[in-house]
Amino acid sequence: MAPGAECVEESVCGSKAKEDANGECMVNQLPAEILIYVFSCLTRNERVKIQRVCRQWRTIIVEMLKIERHIRLSDYISNNRGQIRPDEVLETLLKKCDRSQLRSLDVCSYVFQLSLVCVASLIHDLAPNVVELNVRGHELNDEDMEIFAIHLPQLEVLVLSGCPSVSDIGLSRLFHHCRRLRRMALHSFRHVNGWSFNAMNPSLKELDLVFLPQLTSDAFGHLARACPSLRSIKMEYCASVDQSFFKIIGGLMNSLKILHFVRCPKLTSLAQTVANPNLVDFNISESWKVEDVMIDSLVLAFPNLRKLNLRNCDRVSGVAIEALAALVHLEDLDLSFMRRLKENNIIPLVSKLPNLKRLSLAESNLTDQGILRVYRSCPKLIYFNLWQYIRLFFTEVAFVEIVQFNNEQRPGNQLRVVASICCHNPEAIAQRLRETVRHCNVHFVRPKAVRCGNVSIRFI
């Protein structure tokens with residue numbers, strides 16, 4: 001429950017409730033607008049609980065539900081199986097809502113199961129303006145997929161997950177009926193090889209593909225022809241994807257702005273890549289076979305990158321990383337778990353990236369002084385991830401120096417630092433800051449986060 005929610009409930013219905021001379025609770029004398037504002041600060045699950053306090057609160061919360069634009073079913077259902085029917089709860093919620101207002105519905109769950117044909121029928125009858133739907137965790141087959149799609153032709157955003165029985169036949173039926181899709185996520189479709197992509201909606205802008213082990217390179221040829229305006233492709237655990245992807249999808253590359261290949265072990269080269277100056281976000285994290293030659297190709301192919309994630313690409317050498325200095329527009333760089341990087345590779349690199357705002361160096365091989373030099377080389381840095389960096393021991397020197405430098409030299413900069421609780425004692429660091437930084441109050445904003453001036457240090 002949100003802070004203060006229990007106190008509010010106790011003050012209204014408990015023995016210590018304040019009452020006026022007429023015996024009426026003083027809280028309920030507040031204008032309805034103020035109560036609505038207070039209730040809006042709570043989560044939906046908390047609002048469901050406190051509506052039992054009194055009739056007035058229940059009336060207000062029911063009225064708030066009517067103007068909801070997004071509903072998440074798990075907020076209204078406990079995890080206790082067998083004592084509740086999720087389809088009845090969903091039907092009740094949809095009947096209470098204003099059908100002209102509701103736009104987004106999330107029935108994601110791995111605890112309870114719903115018939116997605118039933119869900120589609122309820123949406124069709126009671127909430128026809130729903131255009132965003134998340135049904136992760138509920139199963140479908142090819143036959144049900146067509147019924148599901150016929151009921152929901154208006155969908156623009158769809159997240160499907162955990163449908164091992166669905167093949168390309170079922171997906172082609174979905175694409176045939178849902179012609180307004182602009183964003184789609186497919187998770188854990190084990191029997192899909194991708195020939196159904198040729199039936200995708202031409203106006204599709206974003207596509208997420210997670211754990212499609214049978215996906216073939218030909219699928220991306222279908223995708224390039226069917227979706228010429230695609231802006232984002234995010235792939236994870238797609239074991240069959242290799243460098244031929246870039247050659248096949250070359251005609252689509254100029255429209256892409258976001259391209260992710262997370263845990264794609266066959267991806268080893270960008271030699272056949274069509275240059276794309278419009279790409280701003282590239283992620284090849286956890287792709288263990290990436291080597292130096294791929295970094296050189298990346299710099300040439302995507303010169304205007306603003307976000308780059310090379311997390312755990314530990315075959316890449318420090319010399320190759322220095323080539324990233326040519327990407328002068330970089331704002332977000334993740335070099336975590338790249339254990340071949342040295343201090344004399346990272347410092348020259350970041351000093352040539354004037355726009356860098358977020359930097360992750362988890363488990364990097366840096367000293368305290370190296371950390372300070374990195375920080376001082378990045379005048380716009382607002383997020384600094386130093387989780388478990390190996391050679392920073394119990395001195396807390398880096399933390400103190402960063403706080404002093406930021407608060408004195410960059411007084412308007414709100415900096416967040418992430419560090420490892422395994423290596424440091426938050427209380428000891430707080431005490432060291434109190435002794436050293438004289439002009440700023442030091443306090444814990446939560447049990448594992450210390451704030452000193454404009455700098456917050458979070459321990460994980």
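Let us start where two helices touch: in α7, the residues D142, E143, M145, E146, F148, A149 and I150 meet I169, G170, L171, R173, L174 and H177 of α8. Sorted by class, this contact between α7 and α8 brings together seven nonpolar, two polar and four charged residues. Keep in mind as you look around that this is a predicted model.

How do the two helices lie against each other? Two packed helices are described by the angle between their axes and the distance between the axes. Helix α7 covers residues 142-151, and it packs against α8 at an angle of about 10°, with the axes 8 Å apart. Angles under 35 degrees count as roughly parallel, and α7 and α8 are therefore roughly parallel to each other.

From helices we can turn to charged side chains. Side chains of opposite charge can pair when their charged atoms come close. How many salt bridges does the structure hold? There are 15 salt bridges, and a few of them make good stops on our tour.

One is formed by R182 and E132, whose closest N and O atoms are 3.8 Å apart. This pair links distant parts of the chain, since R182 sits in the loop between α8 (168-177) and β5 (183-187), while E132 belongs to strand β3 (residues 132-134), 50 residues apart. Are these two partners buried or exposed? R182 is partly exposed, with a relative accessible area of 36%, and E132 is partly exposed too, at 31%.

Step along to R183, in strand β5, and you find another salt bridge: its partner is E206, with the closest N and O atoms 3.3 Å apart. Here the link runs between strands, as E206 lies in β6 (residues 206-210) and R183 in β5, 23 residues apart. E206 is partly exposed, with a relative accessible area of 33%, and R183 counts as partly exposed at 24%.

Further along the chain, the side chains of R315 and E291 meet in a salt bridge of 3.2 Å, N to O. This pair joins two loops in distant parts of the chain: R315 is in the loop between β10 (307-309) and α12 (318-321), and E291 is in the loop between β9 (281-283) and α11 (292-301), 24 residues apart. R315 counts as partly exposed at 42% relative accessibility, and E291 does so at 38%.

For a last stop, look at R85, D87 and E88. What links these three residues? R85, D87 and E88 are joined in a network of salt bridges.

Definitions and conventions: Residues are numbered from 1 along each chain as its sequence is written. This is a predicted model: local features need pLDDT of at least 70, side-chain atom pairs count only at pLDDT 80 or more; totals for chains, interfaces and linings use all residues. Side-chain values use heavy atoms; hydrogens and water are left out. A salt bridge is a side-chain nitrogen of Lys or Arg within 4 Å of a carboxyl oxygen of Asp or Glu. Helices (H or I, at least four residues) and strands (E, at least two) are DSSP runs, numbered from the N terminus. Buried means under 20% relative accessible area, exposed over 50%, partly exposed in between (1.4 Å probe, protein chains only). Axes are lines fitted to C-alpha atoms, for helices over the stretch in contact, and angles run from 0 to 180 degrees between N-to-C directions. Angles under 35 degrees count as roughly parallel, over 145 as roughly antiparallel, 65 to 115 as roughly perpendicular and the rest as oblique. Contact means heavy atoms within 4.5 Å. Ala, Val, Leu, Ile, Met, Phe, Trp, Tyr, Cys and Pro count as nonpolar, Asp, Glu, Lys and Arg as charged, and the others, Gly among them, as polar.
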